[in-house]
Amino acid sequence: VKGGCPAAPQGTPAQLLAALAFLQQHAGTVSPVTLDIGANDVLPDSNPATCTIDKTKFESDLATFDANFKGVILPQLHDALMVHDRLSGDLVVMNYYFPYQNICPNLLPYNQIFNQHIADDAKGFATLVNVFRAFGSSKVPNPNLCTYTWICSEYHDIHATVKGYSVIADAFEDATY
């Protein structure tokens, strides 16, 4: 929202500003607009080494996420998709699998709380893609996590593998067609 991405070159505009400018320059020709947003806001509140969560920080980060997502991001993107008082494209937002589900099943409810906030915030603005369900929902152990993410590899990376991204893409397709 405010910019300052540590990986972006100095002077790079905020992602939201760049997206809004692009939508304005290409009014009526962009659809869908997909959002994969928020995980970095709350995931650091969990400690997979101890299977604990900083509840106060989680609640604060969740409130900040809601304010930014529902109060700023979604309305501005929605407005940017309006052409001649008609919505010219679709907003589509995903919820999240929980990469530490097998390691720390006691923290799974916090992922579900976060996903509920995404769903509630998206109402009236965006179509929700249920990536959590596509990755196996709340089953513990979740046999898909080692195949769909790098969490079981030597890297212990939470990000999706090629197979996982394919599952995410299929979930987007299922939700929008």
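Across which strands does α3 lie, and at about what angle does α3 run to β6? In this predicted model, α3 lies across β1 and β6, and its direction makes an angle of about 145° with that of β6. The sheet beneath this question is a good place to begin. It is an open sheet of three strands, ordered β1-β6-β7, and the pairing is parallel. Its edges are formed by β1 (33-35) and β7 (127-129), each of which pairs on one side only. From one strand to the next, the twist averages 25°. Strand β6, covering residues 91-94, is joined to β7 by three bridges in the parallel sense, and M94 is found opposite V129 of β7. As a general point, the strands of a sheet pair through backbone hydrogen bonds, in either a parallel or an antiparallel manner.

A second helix also packs over these strands. Helix α7 (residues 162-176) lies across β1, β6 and β7, and α7 runs at about 145° to β7.

Helix α3 deserves a closer look, beginning with its partner α1. Helix α1 spans residues 15-25 and α3 spans residues 55-80; their axes come within 9 Å and cross at roughly 15°. Because of that angle, α1 counts as roughly parallel to α3. The crossing of these two helices is right-handed. On the α1 side the contact is made by L16, A19, L20 and L23, and on the α3 side by V72, I73, Q76, L77 and A80. Sorted by class, the contact of α1 with α3 comprises eight nonpolar residues, one polar residue and no charged residues.

The other helical partner of interest is α4. The axes of α3 and helix α4 (residues 108-122) come within 10 Å, with a crossing angle of roughly 20°. The two helices are therefore roughly parallel to each other, and the crossing of α3 and α4 is right-handed. From α3, the contact draws on K55, F58, L62, F65, D66, F69, K70 and L74; from α4, it draws on Y110, I113, F114, H117, I118, D120, D121 and A122. What is the make-up of the contact of α3 with α4 by class? There are ten nonpolar residues, one polar residue and five charged residues.

Two of the α3 residues in that contact, F65 and F69, reappear in the aromatic analysis. A search of the whole structure finds eight aromatic pairs. One of them is formed by F65 and F69, which are stacked at 5.0 Å centre to centre with 25° between the planes. Since F65 and F69 are four residues apart in helix α3, about one helical turn separates them.

Away from the parallel sheet, β8 (residues 149-150) and β9 (residues 157-160) run antiparallel and are joined by two bridges. T149 stands opposite A160 in β9. The hairpin of β8 and β9 has six residues between the strands, and H156 in this hairpin adopts a positive phi near 50°.

Some backbone details round off the picture. Most residues other than glycine have a negative phi, and most peptide bonds are trans. Where do cis peptide bonds join a residue to P32 and to P141? One joins S31 and P32, with omega about 0°, and P32 is placed in the loop between α1 and β1. Another joins V140 and P141, with omega about -5°. P141 belongs to the loop between α5 (131-134) and α6 (145-148). S137 also lies in the loop between α5 and α6. The phi of S137 is near 60°, a positive value in a residue other than glycine.

Terms used. Residues are numbered from 1 along each chain as its sequence is written. This is a predicted model: local features need pLDDT of at least 70, side-chain atom pairs count only at pLDDT 80 or more; totals for chains, interfaces and linings use all residues. Side-chain values use heavy atoms; hydrogens and water are left out. Two strands pair if DSSP finds at least two bridges between them. Axes are lines fitted to C-alpha atoms, for helices over the stretch in contact, and angles run from 0 to 180 degrees between N-to-C directions. Angles under 35 degrees count as roughly parallel, over 145 as roughly antiparallel, 65 to 115 as roughly perpendicular and the rest as oblique. A crossing is left-handed if the near helix is turned anticlockwise from the far one by less than a right angle, and right-handed if clockwise. Contact means heavy atoms within 4.5 Å. Ala, Val, Leu, Ile, Met, Phe, Trp, Tyr, Cys and Pro count as nonpolar, Asp, Glu, Lys and Arg as charged, and the others, Gly among them, as polar. Rings of Phe, Tyr and Trp (its six-membered ring) pair if their centres lie within 6.5 Å; planes under 30 degrees apart count as stacked, over 60 as edge-to-face and the rest as tilted.
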